[in-house]
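User: Hi! I have a protein model open and would like to walk through its architecture with you. Could you take my questions one at a time?

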Amino acid sequence: MTLLSPEERHRLDALTRTGLLDSPAEDRFDRITRIACRLFDVPIALVSLVDEDRVWFKSCQGLADRETPRATSFCHYGICQPELFIVEDAMADPRFADGPLVVGAPHIRFYAGAPVHAPDGHCLGTLCLIDRRPRHLNETEQGLLRDLANDVEREIALQQHIDTFRQLKASERRARAVIEGTRVGTWEWNVQTGETVFNERWAEICGYRLAELEPISIQTWLNLAHPDDEPASSEALAAHFRGETGEYDVRCRMRHKEGHWVWVHDRGRVFEWTETGEPLRMYGTHSDITEDMHTAQRLARQNRALAVMNDLVINARGSLDDRMKQALAQGRDFLCLPIAIVSEITEDAYTVLQVRAPSATGIKPGLTLPLAQTYCDLLIDGNDVLAIHHMAHSPHCDHPSYAVQQLESYIAAPLTVRGRLYGTLNFSSPDPRDAPFSDIDITFVRLLARWLSSQIESDVTTRTLAKLAEQAPGILYQYRQWPDGRTAFPYASAGIQAIYGVSPEDVLTDARPVFDRIHPDDLDKVGRSIRKSERTLGLWQHQYRVSKDGGWRWVEGRASPERLPDNSTIWHGYIVDIDEIKRTQLRLQESEEQLRRLFELSPMGIALNDYHSGECLAVNDALLRSSGFRRTEFMKLAFRDLLRERFEALREDALTGLKTAGRFGPFDANVSRADGSAFPARIEGLRIKNATGRALIWTLINDISEQRRAEQMKNEFITTVSHELRTPLTSVAGSLKLLASGVAGALSERAVQLVDIANRNTDQLQMLINDLLDMEKLASGNLSVLLEEHPLQPLVESAVAQLRTYAADRDVSVVLQGSDNPVAHTDALRLTQALNNLLSNAIKYSPEGGTVSVRVAETNGAARISVSDQGPGIAAAFRAHVFEKFAQAAESRRKNLGGTGLGLAITQAIMEQLGGRVWFESEPGHGATFWLEVPVADPAVTPT
């Protein structure tokens, strides 16, 4: 048993006094949790009460369970906090990370609880929000959560106040019942004999003197009671006799001496019983509550009137006709009159715009009558509500409309639009009313007429604006955003169809179709700009793209925001198509940006000069680095200072080229540096005109020092390979082959192995040297190519035959499948070299017992040779490096499959020389297919 602290015991006592624990669900609390779920967009919201060992949910949205152990709950911590208790990510909080409510259902990741207090200040529990993903509440959202928790506290306090009030009221009534000399009537009734005793006040309530009612018995009361109230009274009495209620307590009507009904409150109790347990004698009170009941009825009617108006203001939807019909139906039900009409008055004509009436009346929209024959003629002069409860007895009974319409009861109010009489709102009946229309009825009709006037005026204004908007370019619109996130376009001109491809009706209650058509890259920016405008109430202006005819068009919007009383925001503005202007602007920006990047970031030196004066206008960093000048120094130089050796000759060539072709160069020359040295450069220039027509020269000065050094090193390396390495390597290779053949005598088994290894390495080195020499020839353009017409089938068969021994050594079969025999315009030797590279790679990467398939076909005007293997395929990460020099896949390096890593690079270079191409297809784990494509021969010139 847990020993509770005094403070915890007091808190639990306060919780018990509320009577909420284990009580049925109540809408007053469920309404708050529903609002919380919607407002904060969370799946779970709870009103939790923290008991001694459990947390019980008085209201629960999003959970099936009604309680959870206190020890593992978040609310246990929440009630200990003076303000909000927030856990943004339970998985990151050591108090909860491994808790059952986090790792198991409902998988809580976010918790925010606001403490809920009893009127005496003790914390009863929390109003909490729960989400299954981490969240963060900003200061505004925390304030909203605290406000909702305050509403929960008010509901709890209100209920306790009501209970206390009822107890005090009951005590007061019992005390007053026994006080003589009050204005309360008293009665005594012998239930068994019917003998009854009333005091004088009892009789006075019904307008009698007591003597007038003699002889008095229970029948006296029955004779005065309203027959409709007798069943409820009898049932209440029987329940008291059965002991089901502590007292007899009813409110009923009694007939007054003058014929009207008065309301009385009868209360009594059996104080004596017979020996057999039958009721014997009752005592009670009889109070006049007519005024109270009339006040309550008046208040109820007033509340109903307000509810009707509130419902119309909040829930009225649809067209103006729909809203008129809704108003007429609500008003007719409230006033209990069968005919409800909205009319338009034009000069002396009365036209029915909308009507709610029995079909027998024959009144329909569009019906037009002379104004003088309508009751509305009586209304115009007064310009206020006209209420007639019995026309035959009214001062207006001689009006011509009475003889024509024969309506006995009528109430109407004028409709005004822009300060002028527009028509009337009227309700009527052929039957008179028992009593005049009340001030509540009159006020209700007046308010309803004002609301309808505003709706009509809004519609008239909208139609006027729509006509103007039809002539305006783009869209004129109103965009509204509510605090709960809902958005709509209450008004949009017809131009919305041209901009967004939707109609005004499509977005009248939901703006999402418009946002669905905004370019995905622009959508977030548009949203941020709207949120900023909503927050600051600043002008909204934005350019973005929208979907149009399968493409995207640029539009520009501009709107002014306004905060409405319900805390929603409405923007008034326009949107126009700026696609042509925007695209021209973007092209200019892109061109300028590209030029700027080229100028600033180019590794090549660039200078901009005036064509006529030669003045240097700009120089990039690359040229400053190459020349060694500071920017201020370079801007003062002339080209004569940079090209001292050949300036005059180059100047004449450059001027001639600029005049005739608008450009000069390229030519190579030495350019002077700041330190007096020079560097080799390739120079060319271009004449342009800027936006103002000024003639300018772009001069490109490319420092080729590294290129010259690289060419020199390459030439030296090639020379070394050709003359210093290739010849002795050939001798070594020949000697090794002689040793292997036994010329020098039989070798030991170990020597044979060593010679074999040396042989293979020598062959590999010769292959590398040959490949390097081929690459050098290809790069320098010195590779000889002879393009002739060749049938491909014999070339492929020859290549396959050359590699059969290599394939057999690796236990791989090379199969030439059924193939075409196209005639290609190519170099047979170089094409065979490229094909051999593909075949050797396919054999090398094939598994033992594998098959390499070769096929020749003609496709799309080209001859294709395909080589397919059953190897491991090409990994996705290596695909981009397949044709790079010295590139080998990890599989090849790991298994030491040999090769120089130059074969495919050479193949690609050969195919470019032949005017063809090489490419591949591969799925990792399922082999690869490489193919060569060369142009087919022209049939018109191919020999037959």
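User: Glad to start with the overall make-up. How many helices and strands does the protein have?

Analyst: Happy to help, and please keep in mind that this is a predicted model. Of the 944 residues of the protein, 42% count as buried. Among contacts between residues at least 6 apart in sequence, 55% join residues at least 24 apart. As for secondary structure, the protein comes to 28 helices and 34 strands.

User: Which element gives the largest share of the largest nonpolar core?

Analyst: That core has 39 residues, and Leu792, Leu831, Leu839 and Phe930 touch the most other members. Elements that give two or more residues to it include helix H24 (792-802), helix H26 (828-845), helix H28 (903-913) and strand S34 (928-935). With eight residues, the largest share comes from H26.

User: Which residues does Leu831 contact, leaving aside its neighbours within four places in sequence?

Analyst: Leu831 is one of the residues that touch the most other members of the largest core. With those sequence neighbours left aside, the partners in contact with Leu831 are Leu792, Leu795, Thr826, Ile865, Met911, Leu914, Leu932 and Val934.

User: And how many residues are in the second, separate core?

Analyst: Its members include Ala316, Val417, Val445 and Leu452. This second core is separate and has 32 residues.

User: Let's turn to the open sheet of five strands. Which strands are at its edges?

Analyst: The order of the strands is S29-S31-S32-S34-S33, and the pairing is mixed. An edge strand here pairs on one side only, which applies to strand S29 (813-816) and S33. The edges are therefore S29 and S33.

User: Do S29 and S31 run parallel or antiparallel, and what stands opposite Leu816 in S31?

Analyst: Four bridges join S29 to S31, and these two strands run parallel. Within S31, the residue opposite Leu816 is Val854.

User: What angle does the direction of H26 make with that of S34?

Analyst: H26 packs on the sheet and touches S29, S31, S32 and S34. For comparison, H28 lies across S33 and S34 and runs at about 25° to S34. The direction of H26 makes an angle with that of S34 of about 175°.

User: S27 caught my eye too. How many bridges join S26 to S27?

Analyst: S27 (residues 695-703) is joined to strand S23 (residues 605-610) by six bridges, and the two run antiparallel. In that pairing, Asn609 stands opposite Ile697. Strand S26 (residues 678-689) also runs antiparallel to S27, and Ala681 has Asp703 as its bridge partner there. The number of bridges that join S26 to S27 is nine.

User: Now for empty space. Which helix gives the most to the lining of the largest pocket?

Analyst: The largest pocket has a volume of about 1700 Å³. Of the 43 residues that line it, the closest to its centre are Arg323, Ser458, Pro490, Tyr491 and Leu508. Elements that each supply at least two lining residues include helix H9 (290-315), helix H10 (320-335) and helix H13 (439-471), along with strand S22 (569-577). The most, 12 residues, comes from H13.

User: I'd also like to check the backbone. Where does Pro666, with its cis peptide bond, lie?

Analyst: Most residues other than glycine have a negative phi, and most peptide bonds are trans. A cis bond joins Ala105 and Pro106, with omega about 5°, and Pro106 sits in the loop between helix H4 (100-103) and strand S5 (110-117). The bond from Gly665 to Pro666 is also cis, with omega near 5°. Pro666 lies in strand S25 (residues 663-672).

User: Cys336 has a positive phi. Is Cys336 buried or exposed?

Analyst: Cys336 is not a glycine, yet its phi is about 60°. The residue lies in the loop between H10 and strand S12 (339-346). Its relative accessibility is 65%, and exposed means over 50%, so Cys336 counts as exposed.

User: Last one: what is the relative accessible area of Asp811?

Analyst: Asp811 is another residue other than glycine with a positive phi, near 55°. The place of Asp811 is in the loop between helix H25 (804-809) and S29. Asp811 counts as partly exposed because its relative accessible area is 45%.

How values were computed: Residues numbered from 1 in each chain as written. Predicted model: local features only at pLDDT ≥ 70, side-chain atom pairs only at ≥ 80, totals over all residues. Heavy atoms only, no water. Core = buried A, V, L, I, M, F, W, Y, C linked by side-chain atoms within 4.5 Å. Buried < 20%, exposed > 50% of the residue type's maximum accessible area, 1.4 Å probe, protein only. Contact = heavy atoms within 4.5 Å. Axes fitted to C-alpha atoms, helices over the stretch in contact; angles between N-to-C directions. 1 Å grid on protein atoms, 1.4 Å probe; cavity = no way out; pocket = protein on both sides within 12 Å on 5 of 7 lines; lining within 4 Å. Points joined across faces, edges and corners; volume = space filled by probe spheres on them.
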